[in-house]
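Reader: I'd like to know what stands behind the labels in this model. Can we go through them one at a time?

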Amino acid sequence: MESDLSLVYVTGDLHGDINRFKTAAAKKLQPGDTLLICGDFGFVWDGSKQEQKTLAKLGEKKYNICFVEGTHENFDLLNKYEVSEWNGGKVHHIGGGVYHLMRGQVFTIEGLRIFAMGGGESPDLDIRVANGNWYPEESPSQQELIEGADNMAEYNNEVDIVLTHEPSAKVKEFLQMQFTEKSRLTLLNTYFEELSAAVDFKKWYFGSLHMDKYISATQVAVFNNILEATTAKNILSLS
């Protein structure tokens with residue numbers, strides 16, 4: 001029996017892997033639910049006919065699919081979509097129930113106030129080629145960061161969810177203590193550190209480190225798992 005209550009869920013980077021939507025676990029999402037993706041959506045990449053067919057199929061899902069940018073996105077293609085407003089914030093409506101949540105926006109979805117700030121910096125930046133497999137737009141502009149801070153101020157710096165690709169500086173440093181390979185802290189990590197100190201939030205989800213880990217009561221790294229938003233209850237797993 002389906003619930004009359006639509007819910008919001010969070011998962012990590014997809015990198016254009018359609019199989020992430022084909023598992024029995026993913027099929028448990030109900031009509032009207034919303035799946036938030038913490039960057040590297042990967043289905044707006046080459047503009048091919050096959051990609052357009054895939055996006056059309058995703059748009060026909062019974063639930064909404066909403067993503068922030070990661071670092072593996074084709075920003076030239078993404079920015080060709082018309083900017084519109086959806087649930088209180090600016091989006092690129094990819095089609096059907098698929099939305100790109102633009103940077104620095106605050107959305108209200110199923111009663112949850114959600115701050116979205118995608119983007120990051122590729123760790124292998126030195127070997128990437130501009131407008132080939134790398135885009136300078138992967139890092140938020142100063143204007144986008146300022147707009148994000150201004151939008152948060154309109155809500156008295158209070159939200160239920162912070163949805164990003166990258167974590168704050170302290171969280172990234174903490175997690176990198178477990179890694180042999182370390183990526184550098186960026187201006188965006190520092191911005192998020194200041195944001196975490198200034199904003200009252202229930203849960204912060206990020207996906208860039210490709211792990212499923214509860215860092216604290218509020219900070220959650222997500223990759224394969226599908227988590228119920230704000231509770232961080234792992235009710236579904238795509239792994």
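**Labels and cut-offs**

Author: Sure, starting with a lining: D212, K213, Y214, V220, A221, V222, N225 and L227 line the second largest cavity. This is a predicted model, where local features need pLDDT of at least 70, side-chain atom pairs count only at pLDDT 80 or more, and totals for chains, interfaces and linings use all residues. Residues are numbered from 1 along each chain as its sequence is written, and side-chain values use heavy atoms, leaving out hydrogens and water.

Reader: What makes these residues lining residues of a cavity?

Author: On a 1 Å grid over the protein atoms alone, a cavity is a set of points where a 1.4 Å probe fits but cannot get out, and lining residues have an atom within 4 Å of a point. The eight names above meet that rule, so they count as lining.

Reader: Why is the pair E147 and K90 called a salt bridge?

Author: The rule asks for a side-chain nitrogen of Lys or Arg within 4 Å of a carboxyl oxygen of Asp or Glu. The closest N and O atoms of E147 and K90 are 3.1 Å apart, so the pair qualifies.

Reader: And E166 with K172: how do you know whether they are buried or exposed?

Author: Buried means under 20% relative accessible area, exposed over 50%, partly exposed in between (1.4 Å probe, protein chains only). E166 has 7% and K172 has 3%, so both are buried. Their side chains also meet in a salt bridge, at 3.0 Å from N to O.

Reader: What makes E147 partly exposed?

Author: E147 has 24%, which falls in between those limits, so partly exposed is the label.

Terms used:
On a 1 Å grid over the protein atoms alone, a cavity is a set of points where a 1.4 Å probe fits but cannot get out, and a pocket is an open set with protein on both sides within 12 Å along at least five of seven lines; lining residues have an atom within 4 Å of a point.
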